[in-house]
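Visitor: Could you take me through one part of this model in detail? I would like to look closely at one helix and whatever it touches.

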Amino acid sequence: MLAAYFDQFNVVRLITIQAFLGDWLVTFTNSSMMMVLAVTIFWLLLKGDKLIPNRWQSIMELIHLNIRSVVHDNLGKPGQKYFPFVLCIFLFIAMLNILGLFPYVFSPTAHIVMTFGLSLSIMIAVTLLGFITFRLNFLSIFTPGGAPLILAPLLVLIETVSYITRVISLGLRLAANISAGHLLFAILSGFAFNMLSNGLVILSLFPMLIMVFITLLEMMVAVIQAYVFCLLTTIYLGDTIALH
């Protein structure tokens, strides 16, 4: 019974193609399909350029203003070059989270492999940009200014562990919140279905009302987690703008 709740997280092969060179297999899974679908949807919806915006264009303009405000508040004017990157990450993650709320739709952001890969790529880019911008001076982020020299080795170790932990925490936070919501929804829906199948119609109303509340909560969580991911990404990108 418990294993059935985790079936929604199974990665299923849809198309497998034998590569021309060697024994490489190119596999298109349900996770890949959802990511392609998410990119296609928000690319089509971003094409609105009407003088008098419709409802969807007004929402996109509101998202645009909020993400630009986040980038400006954390990175200032020099960090505006990162705005398109942060906006695309927000739209990508938010679209995947929202699509994952529909029945029988796979949610890639519930997989630590996907979210960890995204966070690892971001931190590698931050590190490379830091070295390109500041050269070896970038290593000064591991030694807090004004610290006693005798404590320098310990502080460097702590700051290094903290820097590496960013990769894990950034991806784990997103995957854990999304998968926990999906599991809770699956358990409650199974509980309500068992009550209905046993003829307990009135008693089944309680878990069904909870499911409605959780659905609304998950819609907020889907957007909030995308926002938190982008906010932390913006803060981490601050190391490529100015050393602290």
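Guide: Here is a walk around helix H4 and its surroundings.

A word on the ground rules. This is a predicted model, in which local features need pLDDT of at least 70 and side-chain atom pairs count only at pLDDT 80 or more, while totals for chains, interfaces and linings use all residues. Residues are numbered from 1 along each chain as its sequence is written, and side-chain values use heavy atoms, with hydrogens and water left out.

Let's start with the setting. The chain has seven helices and two strands; helices (H or I, at least four residues) and strands (E, at least two) are DSSP runs, numbered from the N terminus. Read from the N terminus, the order of elements is α-β-β-α-α-α-α-α-α. Of the 244 residues in the chain, 34% are buried. Here buried means under 20% relative accessible area, exposed over 50%, and partly exposed in between, with a 1.4 Å probe and protein chains only. Among contacts between residues at least 6 apart in sequence, 66% join residues at least 24 apart, where contact means heavy atoms within 4.5 Å.

The UniProt record, an unreviewed entry, annotates "transmembrane region" at residues 24-46, 82-106, 112-134, 146-168, 174-193, 200-217 and 223-243. UniProt positions are given in the numbering used here, feature names are shortened, and such annotations may be inferred rather than shown by experiment. Of these spans, 112-134 is 100% helix and 0% strand, with its end C-alpha atoms 32 Å apart. Residues 223-243 are 71% helix and 0% strand, and there the end C-alpha atoms lie 31 Å apart.

Now to the helix itself. Helix H4 (residues 83-99) meets helix H2 (residues 30-45): their axes come within 9 Å and cross at roughly 115°. Axes are lines fitted to C-alpha atoms, for helices over the stretch in contact, and angles run from 0 to 180 degrees between N-to-C directions. The crossing of H2 with H4 is right-handed; a crossing is left-handed if the near helix is turned anticlockwise from the far one by less than a right angle, and right-handed if clockwise. On the H2 side, the contact is made by Met-34, Met-35, Leu-37, Ala-38, Val-39, Ile-41 and Phe-42, and on the H4 side by Leu-91, Phe-92, Met-95, Leu-96 and Leu-99. The residues of this contact divide into 12 nonpolar, no polar and no charged. For that count, Ala, Val, Leu, Ile, Met, Phe, Trp, Tyr, Cys and Pro are nonpolar, Asp, Glu, Lys and Arg are charged, and the others, Gly among them, are polar.

Next, look at Phe-90, also in helix H4. Phe-90 is buried because its relative accessible area is 7%. Leaving out residues up to four places away in sequence, Phe-90 touches Ile-63, Ile-67, Val-223, Ala-226, Tyr-227 and Cys-230. With Tyr-227, the partners are 137 residues apart along the chain, yet their C-alpha atoms are separated by 6.3 Å.

Cys-230 brings us to a point that may interest you at the bench: the structure holds zero disulfides, a disulfide being a pair of cysteine sulfur atoms within 2.5 Å. Cys-88 is in no disulfide, and the nearest cysteine sulfur, that of Cys-230, is 9.7 Å away. Cys-230 is unpaired because its closest cysteine sulfur, in Cys-88, sits 9.7 Å off, too far for a bond. With a relative accessible area of 2%, Cys-230 is buried, whereas Cys-88 counts as partly exposed at 42%.

Thr-233 is a good residue to visit next, in helix H7 (residues 201-237). At 1% relative accessibility, Thr-233 counts as buried. Setting aside residues up to four places away in sequence, Thr-233 touches Phe-85, Ile-89, Ile-122 and Leu-170.

For contrast, step across to helix H5 (residues 112-134), the place of Leu-128. Leu-128 counts as exposed because its relative accessible area is 51%. Past that helix, Arg-135 lies in the loop between H5 and helix H6 (152-197). Arg-135 is not a glycine, yet it has a positive phi of about 60°. At 64% relative accessibility, Arg-135 is exposed.
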